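Please open the structure in your viewer and keep the selection tool at hand. The tour moves from one selection to the next, and at each stop it says what is there.

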Amino acid sequence: MKYLRFLICISLPLVLYGCSARPVVETVTTDAGRASVLPAGARPFAREPDLPARDPEMEAAGDRIAEAVTYLNSRRRDRREVALRALNQAEATLTHALKNGTHNEAVSAAIHSILKDLDSAERAVQRSAPDATRQLTAINKSLDETNRIAADKSQNPSQ
């Protein structure tokens, strides 16, 4: 009992002292002579990036595949179900892009191949295969490459 009173007598003032400490106020001084970081007479300019035009359907499919990878790497209980939903959306988007008929034969063949790989990856996700994420990442890379080829072909039709 004496030990408990002793502890309370010692710890109570320490707690009260810790609560009453004032916050630290910092003062920052700057170089008053310098008006700007830019040198005198410099004019800033904005420039649009020179990126190739992308196929919006292939971009959307790639986004859905990346979403599925993110879900598979998460700790959600329903990660397989939401990943499969995202993969189904990617498959529907790619099928629509294929039926759209705006691509040349090489790009259409590449999309066919990607759809086959996507079907295989969906089965891997359904059975919780450890390499499903790796398969989806490879599919996403090949989709990006196909999208780049399609954009190059649309900008340079002579190729």
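Before the first stop, one rule is needed: the expected span of a helix is 1.5 Å times one less than its number of residues. Keep in mind throughout that this is a predicted model.

**The whole protein**

Begin with everything shown as a cartoon, where you will find five helices and zero strands, so that the pattern read along the sequence is α-α-α-α-α. Of the 159 residues in the protein, 25% are buried, and several of the stops below show where such residues sit.

**Helix α2**

Now select residues 56-72, which form helix α2. With 17 residues at 1.5 Å a residue, α2 should span 24 Å, and because its end C-alpha atoms are indeed 24 Å apart, the expectation and the model agree.

Next, colour the buried residues of this helix, which are Glu57, Met58, Ala61, Gly62, Ile65, Ala68, Val69 and Leu72. They cover an arc of only 140 degrees around the axis, which means that they lie on the same side of α2. If you then turn to the face of α2 that points away from this buried side, you will meet the exposed residues Pro56 and Thr70.

At the N-terminal end of α2, select aspartate 55 together with glutamate 57: aspartate 55 caps this end of the helix, with a side-chain oxygen 3.0 Å from the backbone nitrogen of glutamate 57.

Stay with α2 for one more selection, alanine 68, which belongs to this helix. Is alanine 68 buried or exposed? Buried means under 20% relative accessible area, and alanine 68, with a relative accessible area of 0%, is therefore buried. Add threonine 133 to the selection, and you will see two residues that are 65 residues apart in sequence but 8.5 Å apart in space, C-alpha to C-alpha.

**Helix α3 and its packing against α2**

Select residues 79-100 next, which make up helix α3. Its 22 residues should span 32 Å at 1.5 Å a residue, and the end C-alpha atoms are 31 Å apart, which agrees. Colouring the buried residues of α3 picks out Val82, Ala83, Leu84, Ala86, Leu87, Ala90, Thr93, Leu94, Ala97 and Leu98.

Two packed helices are described by the angle between their axes and the distance between the axes. Show α2 and α3 together, and look along the pair: their axes come within 8 Å and cross at roughly 165 degrees. Since angles over 145 degrees count as roughly antiparallel, α2 is roughly antiparallel to α3. The crossing in which α2 passes α3 is left-handed.

Just after α3, stop at glycine 101, which takes a positive phi of about 75 degrees.

**Helix α4 and its packing against α3**

Move on to residues 105-126, helix α4, which packs against α3 at an angle of about 165 degrees, with the two axes 10 Å apart. This angle makes α3 roughly antiparallel to α4, and α3 passes α4 in a left-handed crossing.

From its first C-alpha to its last, α4 reaches 32 Å with its 22 residues, close to the 32 Å expected at 1.5 Å a residue. Its buried residues are Val107, Ser108, Ile111, Ile114, Leu115, Leu118, Ala121, Glu122, Ala124 and Val125.

Another residue to select in helix α4 is aspartate 119, which counts as partly exposed because its relative accessibility is 33%. Show leucine 87 as well: aspartate 119 and leucine 87 are 32 residues apart in sequence, while their C-alpha atoms are 8.9 Å apart in space.

**The loop between α4 and α5**

For the last stop, select serine 128, whose place is in the loop between α4 and α5 (132-155). What is worth noticing about the backbone here? Most residues other than glycine have a negative phi. Serine 128, although it is not a glycine, has a positive phi of about 55 degrees. With a relative accessible area of 45%, serine 128 is partly exposed.

Notes. Residues numbered from 1 in each chain as written. Predicted model: local features only at pLDDT ≥ 70, side-chain atom pairs only at ≥ 80, totals over all residues. Heavy atoms only, no water. Helix = DSSP H or I, 4+ residues; strand = E, 2+ residues; numbered from the N terminus. Buried < 20%, exposed > 50% of the residue type's maximum accessible area, 1.4 Å probe, protein only. Arc of directions from axis to C-beta. Polar contact = N/O pair within 3.5 Å; in protein donor to acceptor, adjacent residues only side chain to side chain. Axes fitted to C-alpha atoms, helices over the stretch in contact; angles between N-to-C directions. Parallel < 35°, antiparallel > 145°, perpendicular 65-115°, else oblique. Left-handed = near helix turned anticlockwise from the far one by under 90°.
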